[in-house]
Each structure stands twice: as C-alpha cells, then as structure tokens.
Amino acid sequence: MTTVIPAPRPGTASRRPVKPRAPWTLWAGLAAAVVLTVWAGLGIEFTLVPLFTDFGRGWVVIEQFLNPNWGFIFQVGNAWFETLAIAVLASLGGCLLGLIAAMLASKVTLSNPVAHQIVKWTLSVVRSIPDIGYAFLFVALVGVGSLAGILALVMFNLGIVAKLTSESIDAVDRGPIEAVDASGANGIDRARWAVYPQVLPNFLSYSLYVFELNIRASIVIGLAGAGGIGNVIIVQLGRFAWENVSALFIATFVVVLLVDIASQVVRRRIT
C-alpha cells in the first residue's frame, strides 16, 4: 500500500519557523562581561605598549634561551632523580589517604550525615590551597628539601583523589551493597567487599593521573625550596644562566610528555 503525501497548500511551502529573539538576559550578561573586562584592565593599567617598545632589551635573553646548554641536563642527574622520587612517594601517600577520605566523603560508605558533611567540608578546604601554597607552608615547617615537597604534594593529591573517587563511589551499583547489607555486614565490610571492587579501576586511573600531575608539580614546588629540579631552575634563574634554564625546560617537557603517554597507555588497559 502506497501512502500519498498531500501537496502543500499554495503559499505555505516557503514558510519557515521564526527564529526566536535572544533574551534580554543574554545581552545584559554580555554587557556586564564587557564592563567587567574594561574595569579590570583599567584597574591594573593594562597596556601592550612595553611588548613593542621594550622587546629589544630582552633580545639577549632570548638569544641565550634559543641556544640551550644540553650538557647541563646530565650534570644535575641527582635533582632529576629527586624530582621523580618526590612524585612517586607523594602519589603513593596521597592516593592511599585520598581513598580513605573518599570512603568517608560518600553517603554510600558513611551513613552518618554529620560526619559525612564534616569530611566533605574538610576536603573542600584542602582543595582550596594550591600545591605551591602547601610547598611554602611545609618549607616553613620542616625546612628546605624533598620532605617538604612530598608533604606538599600529598596534601595536594589528597584533595584531588578524594573528590574524584567519592563521586565514583556515589555512582556504584547498589545491588552488591544491598546483598552485603542483607548478610549483616558492617560498614567496613560493605566498603571492602561491595564498593572497593567497583571503584578500583577508576581509582587506579585517578592515581596515574595524579602521578602525571606530580611530575609537573614537583618542578613547580621546587621553586619554593621543596627539592627536585625546581631548586636547580631557581638557582640558574638567579645566575641569569638562560642557556641552562632553556635546556632544563626542554628536558622537563620531554619527561612530562613521556610520562603522560605511558600513563595514557596504562589507563586504557585498566579501564
């Protein structure tokens, strides 16, 4: 049976829906954004003039930067090893503490609403402080060196892993949890046998992601005296040895890129 489609009425074939007008709130938001941008620029006296007028003064630095001292990379092998050690130890400590904190930050594994909320607020405070802030804090507490860097990154990792893992815990399948509860298990058993196996692949992926971050962050916090190659970079900056700084920057880029590629390969295999 063939369905006959009726022909359109004369004068109606070319009609199209009328495009709705943009709401006034959109234009008001764009105007507020422009006003805020102009206000911010005027407040700090923002100008691009020095970029063109003072460019020649920095050409000597650029020339040295474009001629890296490749041999200097291998002269600071101990600093590279310290950077890697800081990243590994901080990842291990931060991820383990983050897993425990995630169990306490999820309603699935912690039914007490007051304790659950206190843990979430505490983790929000922990995440609000950047890694360089923790570096300055622990350098003041324990002195210059790798210990300050490890403690700083542990706190930094704790907030990230706890946040991501707790969200994974909230989304687990409730069937195994109900089965464990029906057998009379307590909260620890529920977390161990019903929740942990489900979030383990995601947790391992987050741990590798944190290790990637730690390679970068361990260099940054080294600028605050927390050990690693960052200490070497800040010394070379103070000596205006731009050719050494350039070589270290390029080597850092290569190291971070290789770690990132290896981490992506591993994450694809475990998830």
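**Cores, a buried serine and a helix pair**

The largest nonpolar core holds 22 residues. Leu123, Ala135, Leu153 and Ala226 have the most contacts inside it. Five helices each give two or more residues to this core: α5 (77-105), α6 (113-128), α7 (131-142), α8 (146-170) and α10 (187-222). The largest share comes from α8, with seven residues. Note that the model is predicted.

Start from Ala226, one of the residues with the most contacts inside this core. Leave aside its neighbours within four places in sequence. Ala226 is then in contact with Ile86, Ala135, Val139, Gly145, Ser146, Ala148, Gly149, Ile221 and Asn231. Ala135 appears in that set, and it is also among the residues with the most contacts inside the core.

Apart from this core lies another. This other core has 18 residues, among them Cys95, Val108, Ala191 and Val199. In soluble globular proteins, nonpolar side chains tend to be buried together.

Val199 leads on to a serine. Ser168 sits in helix α8. Is Ser168 buried or exposed? Its relative accessibility is 12%, so Ser168 counts as buried; the cut-off for buried is under 20%. Which residues does Ser168 touch, once neighbours within four places in sequence are left aside? They are Val199, Asn202 and Tyr206. Val199 belongs to the core of 18 residues.

Turn next to the aromatic rings. The whole structure contains three aromatic pairs. One of them joins Tyr134 and Phe138, and this pair is stacked. The ring centres are 6.5 Å apart, with 25° between the planes. Why are Tyr134 and Phe138 separated by about one helical turn? Because they are four residues apart in helix α7. Tyr134 is buried, and Phe138 is buried too. Helix α7 is also among the elements that give two or more residues to the largest nonpolar core.

Finish with a pair of helices. Helix α11 covers residues 229-238, and helix α12 covers residues 242-270. Their axes come within 8 Å and cross at roughly 155°. Angles over 145 degrees count as roughly antiparallel, and α11 and α12 are therefore roughly antiparallel to each other. What is the handedness of the crossing of α11 and α12? The crossing is left-handed.

Which residues make this contact? From α11 come Ile229, Val232, Ile233, Gln236 and Leu237. From α12 come Trp242, Asn244, Val245, Leu248 and Phe249.

Technical notes:
Residues are numbered from 1 along each chain as its sequence is written. This is a predicted model: local features need pLDDT of at least 70, side-chain atom pairs count only at pLDDT 80 or more; totals for chains, interfaces and linings use all residues. Side-chain values use heavy atoms; hydrogens and water are left out. A nonpolar core is a set of buried Ala, Val, Leu, Ile, Met, Phe, Trp, Tyr and Cys residues joined through side-chain atoms within 4.5 Å. Buried means under 20% relative accessible area, exposed over 50%, partly exposed in between (1.4 Å probe, protein chains only). Contact means heavy atoms within 4.5 Å. Rings of Phe, Tyr and Trp (its six-membered ring) pair if their centres lie within 6.5 Å; planes under 30 degrees apart count as stacked, over 60 as edge-to-face and the rest as tilted. Axes are lines fitted to C-alpha atoms, for helices over the stretch in contact, and angles run from 0 to 180 degrees between N-to-C directions. Angles under 35 degrees count as roughly parallel, over 145 as roughly antiparallel, 65 to 115 as roughly perpendicular and the rest as oblique. A crossing is left-handed if the near helix is turned anticlockwise from the far one by less than a right angle, and right-handed if clockwise.
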